[in-house]
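Thanks for making the time, everyone. I would like to walk through one model with you, starting from a single residue and working outward.

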Amino acid sequence: MNELVAAMSAIPTRMNEAWNRGDATSFFADFADDAVFADFEGTIYRGRQEMIAIHQGIFDTVMKGSRLVQGDVLFAKILRPGWGVVHHRVGIMLPSEEEPPPSRRSMQLFVMAWQHNRWEVVALQNSRLLSLEAVAALESMTSAQREHDAETNVHEGRR
């Protein structure tokens with residue numbers, strides 16, 4: 001692996017280590033000031049300072065003591081001079097867990113730009129990994145809920 005690709009590939013590991021310390025400033029240290037981050041729920045964060053502020057609150061409350069584990073860079077590639085991508089997979093483990101459940105496995109696509117004499121993350125898409133079986137189960141639950149709601153509306157005269 002060449003030196004530039006290795007430098008890009010190291011960013012997710014640093015982020016995982018910062019998450020495990022509950023340190024949002026370090027978690028986003030490799031992001032450009034105007035970076036964009038789309039989390040797994042579809043929330044879009046714009047700018048490193050917004051990301052730090054929101055995530056420090058998350059680290060201090062609902063995700064306190066959680067850990068990013070099993071991080072793996074599946075590929076890193078320079079697309080053209082000054083631009084690269086990294087694909088990373090990782091799991092989130094809560095303090096009481098020994099393994100991350102499948103529902104908390106994510107894949108991340110980083111878009112990197114060479115600026116300020118280093119690679120900076122300019123965009124990150126974080127998505128949950130869901131099997132086809134899990135998607136089918138979610139869709140059947142949604143369908144069953146719609147049918148239940150429609151039946152309830154008929155019985156209550158709200159059609």
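Let me begin with Ser 66, which sits in the loop between H3 and strand E3 (67-80), and please keep in mind throughout that this is a predicted model. Is Ser 66 buried or exposed? With a relative accessible area of 2%, and buried meaning under 20%, Ser 66 counts as buried. Its side chain makes a polar contact with the side chain of Trp 19 at 2.9 Å, and the side chain of Ser 66 also reaches the backbone oxygen of Met 63 at 2.7 Å. Leaving aside residues up to four places away in sequence, Ser 66 touches Trp 19 and Asn 20, together with Ile 92, Met 93, Leu 94 and Pro 95.

From that loop we can step back to H3 itself. At 1.5 Å a residue, its 13 residues should span 18 Å, and the end C-alpha atoms are indeed 18 Å apart, so the expectation and the model agree. Which residues of H3 are buried? They are Arg 48, Met 51, Ile 52, His 55 and Phe 59, and, seen down the helix axis, the buried residues fall within an arc of 95°, so they line one face of H3. As a reminder, an α-helix has 3.6 residues a turn, so residues three or four places apart point the same way. On the other side of H3, Gln 49 and Ala 53 are exposed. The cover over the buried residues includes H1, H2, E1, strand E2 (44-46) and E6.

Two of those strands, E1 and E6, pair in the parallel sense over four bridges, with Phe 31 standing opposite Val 121 in E6. E1 also pairs with E2, in this case antiparallel and through three bridges, and there Ala 38 stands opposite Ile 44. E1 and E2 form a hairpin with five residues between them, and Gly 42 in the turn has a positive phi of about 100°.

That brings me to the core. The largest nonpolar core has 28 residues, and those with the most contacts inside it are Phe 27, Phe 31 and Met 112. The elements giving two or more residues to this core include helix H1 (3-21), helix H3 (48-60) and strand E5 (105-115), and the largest share, five residues, comes from H1. Met 112 touches, among others, Met 8, Ile 11, Trp 83, Val 86 and Trp 119, again not counting residues up to four places away in sequence.

Technical notes. Residues numbered from 1 in each chain as written. Predicted model: local features only at pLDDT ≥ 70, side-chain atom pairs only at ≥ 80, totals over all residues. Heavy atoms only, no water. Core = buried A, V, L, I, M, F, W, Y, C linked by side-chain atoms within 4.5 Å. Buried < 20%, exposed > 50% of the residue type's maximum accessible area, 1.4 Å probe, protein only. Contact = heavy atoms within 4.5 Å. Expected span 1.5 Å × (residues − 1). Arc of directions from axis to C-beta. Polar contact = N/O pair within 3.5 Å; in protein donor to acceptor, adjacent residues only side chain to side chain. Pairing = 2+ DSSP bridges.
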